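The following note sets out comments on the model for a colleague's consideration. The points run from the overall make-up of the chain to the packing of its helices.

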Amino acid sequence: MDKNKIIKIVKRATSEHVDWVRQGRMLVKGVAEDKIKTPQDCKGRNFGTWYTSEGYKLVNIPELEQLNTLNQEISKVYTALYYMTFDRRKKARSTLITADEVEVPLEEKQFRQQKLKDLEEKIILMIKGLKKVESTVTHIEEKTFDSVWLA
């Protein structure tokens, strides 16, 4: 794999994670379910797939392993927020408020806001880490680039 491809993957991962924040904010705001990405659609597939297939071989960039773990944590937080928002089984036992077409149990509002805060904090860390990886890859000399790969 060449440096340019890795940089493109990192840049794409950055924009995907910014979109996760946007989706999370829409969930808390109360946007209708058909306008929100499901956790399967929102997973950092490109970064996660790349890391598990090839990225883990970049042994001289240890941040990648940490970012992969963080990526998985972000997915879990978003999934929890999504399913808490759209779990219709809770309707019978909750007091509801309505925001846009979505009914939100009052006792879950604080939980959802905390999940959004967690999501935002983790994504900030992810983006900072991705920028560091991008800088590291950019500054590795082309002739020595192959030496950062696991043999």
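What percentage of the 151 residues in the chain is buried?

1. Extent of burial. Buried residues account for 44% of the 151 residues in the chain. The model under discussion is a predicted one, and the remarks below should be read accordingly.

2. Secondary structure. The chain contains five helices and two strands. Along the sequence, these elements follow the order α-α-α-α-β-β-α.

3. Helix H1. Helix H1 covers residues 3–29. Its 27 residues should span 39 Å at 1.5 Å a residue, and because the end C-alpha atoms are 39 Å apart, expectation and model agree. Just after H1 comes glycine 30, whose phi is positive, at about 105 degrees.

4. Helix H5. The same check can be applied to H5, which has 31 residues. At 1.5 Å a residue the expected span is 45 Å, and the end C-alpha atoms of H5 are indeed 45 Å apart. The buried residues of H5 include the nonpolar side chains Leu116, Leu119, Ile123, Met126, Leu130, Val133 and Val137. Charged residues are also found among the buried positions of H5, namely Arg112, Lys115 and Glu134. Gly129 is a further buried residue of this helix.

5. The nonpolar core. The largest nonpolar core comprises 33 residues, of which Ile36, Phe47, Trp50, Leu64 and Leu119 touch the most other members. Two or more residues are given to this core by each of H1, helix H3 (45–53), helix H4 (63–86) and helix H5 (109–139). Leu119 also appears among the buried residues of H5.

6. H4 against H5. These two helices pack at an angle of about 155 degrees, and their axes lie 9 Å apart. An angle over 145 degrees counts as roughly antiparallel, so H4 is roughly antiparallel to H5. Their crossing is left-handed. By class, the residues of this contact are 17 nonpolar, three polar and seven charged.

7. Valine 77. This residue belongs to helix H4. Its relative accessibility is 7%, and valine 77 therefore counts as buried, the limit being under 20%. Which distance separates the C-alpha atoms of valine 77 and lysine 115? The separation is 6.4 Å, although the two residues are 38 residues apart along the chain. Lys115 is itself listed among the buried residues of H5.

8. H1 against H4. Here the packing angle is about 20 degrees, with the axes 10 Å apart. Since angles under 35 degrees count as roughly parallel, H1 and H4 are described as roughly parallel to each other. H1 passes H4 in a left-handed crossing.

9. H1 against H5. The angle between H1 and H5 is about 170 degrees, and the axes are 10 Å apart. The two helices are therefore roughly antiparallel to each other. The crossing in which H1 passes H5 is left-handed. The contact of H1 with H5 divides into 17 nonpolar, five polar and seven charged residues.

10. Valine 18. Is valine 18, in helix H1, buried or partly exposed? At 46% relative accessibility, valine 18 counts as partly exposed. Its C-alpha atom is separated from that of isoleucine 127 by 8.3 Å, while their positions lie 109 residues apart in terms of chain separation.

Key. Residues numbered from 1 in each chain as written. Predicted model: local features only at pLDDT ≥ 70, side-chain atom pairs only at ≥ 80, totals over all residues. Heavy atoms only, no water. Helix = DSSP H or I, 4+ residues; strand = E, 2+ residues; numbered from the N terminus. Expected span 1.5 Å × (residues − 1). Core = buried A, V, L, I, M, F, W, Y, C linked by side-chain atoms within 4.5 Å. Buried < 20%, exposed > 50% of the residue type's maximum accessible area, 1.4 Å probe, protein only. Axes fitted to C-alpha atoms, helices over the stretch in contact; angles between N-to-C directions. Parallel < 35°, antiparallel > 145°, perpendicular 65-115°, else oblique. Left-handed = near helix turned anticlockwise from the far one by under 90°.
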